[in-house]
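These are my notebook entries on what I looked up in this structure, written so that I can retrace each step later.

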There are 2 protein chains.
Amino acid sequence: MIDNYFKNRFTVRLFSDKEVCQDLIDEIVEAAMHAPTCGNMQLYTVIETRDKVMKTKLEALHFNQPAAATAPVILTVCADFNRFSRWCELEGAVPGYSNFHSFIVAMTDAVIFAQQICTLAEMEGLGTCYLGTVNYNAKEISELLELPELVVPVASIAIGYPKGGSEIVERLPVKAILHREKYRKDSADEIKNLFRVKDEFPQNQEFVKLNNMPSLAHLFTEIRYPKKMNEEVSKSFEELIKEKFMK
Amino acid sequence: MIDNYFKNRFTVRLFSDKEVCQDLIDEIVEAAMHAPTCGNMQLYTVIETRDKVMKTKLEALHFNQPAAATAPVILTVCADFNRFSRWCELEGAVPGYSNFHSFIVAMTDAVIFAQQICTLAEMEGLGTCYLGTVNYNAKEISELLELPELVVPVASIAIGYPKGGSEIVERLPVKAILHREKYRKDSADEIKNLFRVKDEFPQNQEFVKLNNMPSLAHLFTEIRYPKKMNEEVSKSFEELIKEKFMK
């Protein structure tokens with residue numbers, strides 16, 4: 001029953017030169033705006049980067065990764081309580097959205113909206129790639145895009161026509177993800193069994209070898225997402241939220 | 001070109017008695033697991049509440065709102081770095097995910113996954129409703145579902161077969177949401193124009209009158225999402241993140 005698209009989708013990290021027409025982006029955004037949103041407040045804004053000068057600057061803030069560099073368009077989806085608060089003030093009401101909870105609500109809205117954009121774009125034959133680096137340089141991205149208070153970038157999507165074939169990757173068994181009634185306390189052996197599919201996936205084994213790591217887990221903790229880097233990003237991103245949402 | 005589903009979808013807040021079969025939930029979750037995820041880490045867990053005793057308790061934590069009370073199933077989607085960190089430890093690697101950034105990454109993963117579940121469920125003829133109250137009683141929900149460290153609930157979805165008709169609501173014009181190259185600085189008049197559709201929407205006007213409010217904006221700031229409540233939830237939710245992710 002389930003539409004085949006969902007099980008067969010994959011992230012695209014290399015895009016062709018083909019432009020993505022403006023009307024298509026507009027149409028996708030307009031349809032995505034029907035996604036669920038807290039209290040119908042639509043606490044998000046998406047900024048389209050297409051201009052060559054702007055895009056070169058934005059690519060650099062995403063460490064020039066191939067997905068950012070080859071995509072004709074980058075969409076930066078922001079948690080946005082600015083527009084709504086300004087409207088409240090103009091109506092003589094007193095907005096109360098300069099706080100952490102309001103950031104979390106707007107971030108949830110923005111990520112739901114971002115994912116709706118990805119689904120729509122992929123169903124139209126486009127490829128998409130979330131740039132996890134959005135949090136790393138969130139302050140610099142905010143400056144480049146001139147984001148005002150109560151606006152924080154939370155999802156960056158590289159978007160374009162795919163170059164090259166599919167890149168299906170492994171996923172954990174559904175049992176790992178879906179728990180009944182309470183959080184299941186898995187034993188050490190059970191955890192190892194759940195992750196076996198990752199350890200045994202040929203591409204993962206290749207990466208582990210290439211990086212001369214003792215295991216795939218080490219590749220994650222020492223190279224891909226190391227503690228020190230996570231702590232540095234924590235600090236800068238928390239500062240940005242404080243600056244934008246908690247003054 | 002765009003699939004009609006996306007433009008015509010609506011949130012369902014009242015469900016029929018019809019059960020949602022277990023296999024369908026499993027199938028939806030398994031397909032949703034192909035949604036984008038940071039570094040293919042799948043930093044989410046979904047807990048299905050179906051048991052009558054558990055569901056009554058969970059409904060109360062969602063203030064017994066009709067969507068929670070009438071849905072046969074509630075799915076609580078959690079940001080989860082616990083499973084991944086345990087695997088790292090079992091492999092002799094040192095996980096570095098007890099920090100704010102890692103919470104944000106896992107929350108992003110979890111909300112993307114939650115939205116994929118909603119899209120899949122709605123395409124299968126089910127109705128869904130995000131329960132924004134998930135943040136309000138996040139600590140109590142965590143206790144009920146026995147969530148361990150590095151696991152925080154971020155999206156609750158009431159799910160079932162719709163009772164009653166559609167509830168199409170207004171949305172802002174696409175211009176409000178989509179900005180080109182930089183964040184657009186709208187004038188006061190422009191903001192008012194963008195929000196006109198909300199002020200003029202008959203159902204909104206009815207609510208304003210019913211609550212004896214001077215404007216729709218006042219309904220939001222004084223009744224629906226008042227400052228004091230936002231600040232209280234900020235405090236409790238921040239405490240939970242600190243307890244679960246920053247020890």
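**Entry 1: the strands of chain B.** I began with E3(B) and E4(B), which run antiparallel and are joined by 4 bridges; strands (E, at least two residues) and helices (H or I, at least four) are DSSP runs, numbered from the N terminus, and two strands pair if DSSP finds at least two bridges between them. Before going further I noted that this is a predicted model, in which local features need pLDDT of at least 70 and side-chain atom pairs count only at pLDDT 80 or more, while totals for chains, interfaces and linings use all residues. I also noted that residues are numbered from 1 along each chain as its sequence is written, and that chains are lettered from A and ligands numbered from 1 in the order in which they are written.

Within this pair, B:Tyr130 stands opposite B:Ile157 in E4(B). I then found that B:Ile157 is also the bridge partner of B:Leu75. Strand E2 (residues 73–80) of chain B pairs with strand E4 (residues 151–160) of chain B in the antiparallel sense, over 8 bridges, and there B:Cys78 stands opposite B:Pro153.

Is E4(B) enclosed or open to the outside? I found 10 of its 10 residues buried, so E4(B) is largely enclosed by the rest of the structure; a residue is buried if 20 or more other C-beta atoms lie within 10 Å of its own, exposed if 12 or fewer, and partly exposed in between, with C-beta atoms placed from the backbone.

**Entry 2: the whole sheet.** I followed the pairing outwards and wrote down an open sheet of 5 strands with mixed pairing, in the order E5(A)-E1(B)-E2(B)-E4(B)-E3(B). Its edge strands, each pairing on one side only, are strand E5 (178–180) of chain A and strand E3 (127–130) of chain B. On average, neighbouring strands of this sheet are turned by 30 degrees against each other, direction ignored; the axes behind this angle are lines fitted to C-alpha atoms, for helices over the stretch in contact, and angles run from 0 to 180 degrees between N-to-C directions.

I also looked up strand E1 (residues 44–49) of chain A, which pairs with strand E5 (residues 178–180) of chain B in the parallel sense over 3 bridges. In that pair A:Glu48 stands opposite B:Arg180.

**Entry 3: how the chains meet.** A rotation of 180 degrees with 0.0 Å of shift along its axis superposes chain A on chain B, with an RMSD of 0.0 Å. The two copies are thus related as by a two-fold rotation axis; they are superposed by least squares on the C-alpha atoms of residues with pLDDT of at least 70 in both.

The contact takes 95 residues from chain A and 95 residues from chain B, where two residues are in contact if their C-beta atoms, placed from the backbone, lie within 7 Å. On the side of chain A that touches chain B, helix H6 (residues 100–123) of chain A gives the most, with 13 residues. I noted that 99% of the interface residues of chain A are also interface residues in chain B, so the copies meet through the same surface.

For one residue in detail I chose B:Val111, which lies in helix H6 (residues 100–123) of chain B and counts as buried because it has 26 C-beta neighbours inside 10 Å. Leaving aside neighbours within four places in sequence, B:Val111 is in contact with A:Thr108, A:Val111, A:Ile112, B:Val154 and B:Ala155.

**Entry 4: a helix with two sides.** In helix H2 (residues 22–32) of chain A, I listed A:Ile25, A:Ile28, A:Val29, A:Ala31 and A:Ala32 as the buried residues. Seen down the axis of H2(A), they fall within an arc of 165 degrees, so they line one face of the helix; the arc is that of the directions from the helix axis to the C-beta atoms. The face turned away from this buried side carries the exposed residues A:Gln22 and A:Asp23.

**Entry 5: two loop residues.** A:Asn212 has a positive phi of about 55 degrees although it is not a glycine, and its place is in the loop between helix H10 (202–210) and helix H11 (216–224) of chain A. B:Phe63, found in the loop between helix H3 (52–61) and helix H4 (66–70) of chain B, counts as exposed, with 12 C-beta neighbours inside 10 Å.
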